[in-house]
Amino acid sequence: MRLRRPRQVYIFRVKLEGASGVKRRLAVHGDQTLADLHLVLQEAFGWDDEHLYAFWLDGRHWSLDAVEYGRPEHAKQQNPGGKLWDMPETRSAAERLDRLELLPGQKIAYVFDFGDEWRVELTVADIAVDDGRRYPAVLEAVGGAPPNYHAA
């Protein structure tokens, strides 16, 4: 009989580059995905979801040394072979957090809207045991974020 590990919750500290004092704290279940993390980032900053986005687990925006995780349909459609130009492998953000080997203190880079290029730094603040709350969730929001474009 296999022992079942308790469900994990990943807690992230989030800073928006170039916007002093704008911080968020987010939580996502380990069996949820980077795409789910993207959606709660959208909620946290009041952005819409009509733009491309990407994550780099080495903490460097546009890193050439790390896998790029992007919008699932874009990663599949634009990069069927997995490699884009001279950049490292591109994968779908449908990857579960608990399969990414994230560690407390680890930095993750996120870019939303490749035109306006909103750069966000995430830090894995904690990996906690599930407390029964509903996730993903915005746990804390400090400072107002600059808006992305507003649809008519």
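The legends below describe close-up views of a predicted model.

**View 1. The open sheet of eight strands.** The strand order is 5-4-3-6-7-1-2-8, and the pairing is mixed. Strand 5 (90–92) and strand 8 (137–142) are the edge strands, each pairing on one side only. From one strand to the next, the twist averages 25°. Strands of a sheet pair through backbone hydrogen bonds, either parallel or antiparallel.

**View 2. The pairing of strand 3 with strand 4.** Strand 3 (residues 53–56) and strand 4 (residues 68–70) are joined by three bridges in the antiparallel sense. Opposite Ala54 stands Gly70, in strand 4.

**View 3. Helix 1 lying across strands of the sheet.** Helix 1 covers residues 34–45. The strands it lies across include strand 1 (8–16), strand 2 (23–29), strand 6 (107–112) and strand 7 (118–129). Helix 1 runs at about 145° to strand 2.

**View 4. The largest nonpolar core.** This core has 31 residues, and Phe12, Leu37 and Leu41 have the most contacts inside it. Two or more residues come from each of strand 1, strand 2, helix 1, strand 3, strand 6 and strand 7. Helix 1 gives the most, with seven residues. In soluble globular proteins, nonpolar side chains tend to be buried together.

**View 5. The surroundings of Leu37.** Leaving aside residues up to four places away in sequence, Leu37 touches Phe12, Leu26, Val28, Phe55 and Leu122. Another core, of five residues, lies apart from the largest one. Among its residues are Val9, Ile11, Ala27 and Ala137.

Terms used: Residues numbered from 1 in each chain as written. Predicted model: local features only at pLDDT ≥ 70, side-chain atom pairs only at ≥ 80, totals over all residues. Heavy atoms only, no water. Pairing = 2+ DSSP bridges. Helix = DSSP H or I, 4+ residues; strand = E, 2+ residues; numbered from the N terminus. Axes fitted to C-alpha atoms, helices over the stretch in contact; angles between N-to-C directions. Contact = heavy atoms within 4.5 Å. Core = buried A, V, L, I, M, F, W, Y, C linked by side-chain atoms within 4.5 Å. Buried < 20%, exposed > 50% of the residue type's maximum accessible area, 1.4 Å probe, protein only.
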